[in-house]
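Me: I would like a close look at a single part of this protein, explained step by step for someone in a first year of study. Please take your time over it.

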Amino acid sequence: MKRISVIIGLCLLFMACGKTSEKTVVQSPDGKISVEFSLQDGAPVYSVQKDGKPIVENSRLGFVLAGEDSLCSHFSLVGTKKDSHDETWQQPWGEEIDVRNHYNELTVQLQETAGLKRLLNITFRAFDDGIGFRYEFPEQENLKEFEIHDELTEFALVNDDSIWSQHLFDRDYEILYHKRLISEVNDTVSTPVTIETADGKYIAIHEAALIDYAKMNLFKKQNSTLKNDLTPWSTGVKVYANAPFVSPWRTIVLADHLNDLVNSRLMLNLNEPSKIADTKWIQPMKYVGIWWGMHMKTMTWTEGAIHGATTANMMRYIDFAAANGIGGVLVEGWNVGWDGYMMDDGSKFKFAQPYPDFDMEKISQYAKEKGVAIISHNETAGAITNYENQLDSAFAFAQKYSIHAIKTGYVNAFLDGKEKHSSQYGVRHYRKVVETAANYQVAIDTHEPVMPTGWQRTYPNLISQEGVRGQEWDAWSADGGNPPEHTTIIPFTRGLAGPIDFTPGTFNFNNPAMPGTRVQTTIAKQLALYVVIYSPVQMASDMIENYAGRPEFEFIRVVPVDWAKTIILDGKIGDYVVTARKDKHSDAWFIGAITGENARDLSLSFSFLEKGQTYIAKFFRDAPGVDWKTNPYPVTIEEQEITAETTLPVHLAASGGAAIWIRKK
Ligand code: NOJ
């Protein structure tokens, strides 16, 4: 440890008092963002400016390899390459259809001036919405198989602004975000982090294309400088590599408004195009499931008197889905191995063997007749070798029963008893699951994942991920459930990393089995979450009997999950959000407005609608007198004609919301 600090200290010393080489610059296509690269007495550094103002000051780049061998200084610039790219591609599913991938690129080719004379390239891409850079280790004589013991990448932010971050809890990222000054960060945090600048702009730091590497986390080194802190293997090594080798992209999104932040596609653009030619079998859908009952303790995952996943229950859920236009039914606890869940090592799970009271043949036939998809569940409890040994049989079994989506789970502190979820070991496993699943036309919704990094562009069967404190925390969390502001934060933090399987739609807020917990929202807010939180698979999480006689369930029936366009109309992270999305398959628009613990009066303009067209807007909003603590259930449902010229007041109760369905008249 001590000797590593000496090396790092040496790298720093070079930077502090050495000569600076000439700067090499790449600018975004609109000329507003620029990245400068230079060598400070042989040590590589970069800086970022927007509109002529510095955003990131000279920040360190480089590595420490095995044997405390530094690859961060004594470099000379032996070449540069420039390139540019402009293409528009279409997402098979997403928050919008067309994505423009437009950037200018600079590759700096570095070589050590002495010793092994190793080569290291760094490629920077400047987009109109931010920058990405990655390291490339070319094939070479003196660097073949190697270990990365530290990646020295820093983000020396110019100002000590406010940062929204999540303490590193890489077993599942199920931890709340909070806001503080960058200088107050005294722990390691996981990315994405979102910085709010004093002049009301946003900087989001994350990564793209984490495919065979360790997850990037950040700690504050000094003042407002954040440094990469890769998740290690149990050996302490961060990454095992073989040249040629590339790191993931380090990304910095620069946005003037929340709308630009959410609509940045930089992370997706830095991933490779889809490897799946025919994506028709990857179906965005809403789903209900044999699930909430387990969290409410009225059902069990294991066999027995109150087993949830029985043939009869499944047929009941399929009937409900078919009658309400809900695409799928999730089933948990259908397969053998749950009897030791959370007590043993997970190695008892069998992924192609249903419990005797779950007749897969009959259920699959029934689901097919009713036009409902089955989403089956593969909980591994972190025993990934056990899962990998069965992957082909698990997915072949799914394919045999026309199951095109599987929710995977990794509830455990470690994978295989010793490796972290976000280590290179974990990353390789998650990738293997998605790649193998694609061969069997199975989409994957990972719970307890590694944080997403846009890999769904390459494998669109990675349809959603949890990696957040989801709705289930409201059923059993020792702290009483997700606080009201939680869902006003995650669209602008965790949500930047990709779809969130949050599982909204609970209609009955108390859990008699866990009296101290509850859903801390109103019902109208539950509805609005379908628009505010993006996922191409969205659950209606409650037990289906709780939807009976509830007219507001109509909103869940009609709200789409696949979008042509997304606009953040208004919002402040931690306080409130107003999101509008246009359906991909019709002219309809949907709005979700939510607030945190404070009630709020908004003025809603519909100027994004087509001019000269009259629309019918159906409102599902907090009824008078509603607030989340004392009176959360009443919803006012009313219709009104609107046009692009209409502006309407909307009242949101404390932790309340409004969901609006807008159709052409
Ligand atoms: C945690 C998941 O998030 C939840 O959805 C699932 O029901 C349990 N694990 C059991 O696997």
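Reply: In this predicted model, V468 has a relative accessible area of 1%, and because that value is under the 20% cut-off, V468 counts as buried. As for its place in the chain, V468 sits in the loop that runs between strand β27 (462–465) and helix α9 (473–476). If we leave aside the neighbours within four places in sequence, the residues in contact with V468 are D172, Y173, E174, H486, I490, R494, I500 and F502. To place V468 against another point of the chain, we can take A405, which is 63 residues away along the sequence, while the C-alpha atoms of the two are separated by 20 Å.

K227 can be read in the same careful way. K227 belongs to strand β18, which covers residues 225–228, and K227 is likewise buried, because its relative accessible area of 4% is under 20%. The side chain of K227 makes a polar contact of 3.0 Å with the side chain of D150, and a polar atom of the K227 side chain also lies 3.2 Å from the backbone oxygen of E151. Both D150 and E151 appear among the residues in contact with K227 beyond its neighbours within four places in sequence, and that list also includes R60, L152, T153, E154, N217, L218, F219 and K221.

Terms used
Residues numbered from 1 in each chain as written. Predicted model: local features only at pLDDT ≥ 70, side-chain atom pairs only at ≥ 80, totals over all residues. Heavy atoms only, no water. Helix = DSSP H or I, 4+ residues; strand = E, 2+ residues; numbered from the N terminus. Buried < 20%, exposed > 50% of the residue type's maximum accessible area, 1.4 Å probe, protein only. Polar contact = N/O pair within 3.5 Å; in protein donor to acceptor, adjacent residues only side chain to side chain. Contact = heavy atoms within 4.5 Å.
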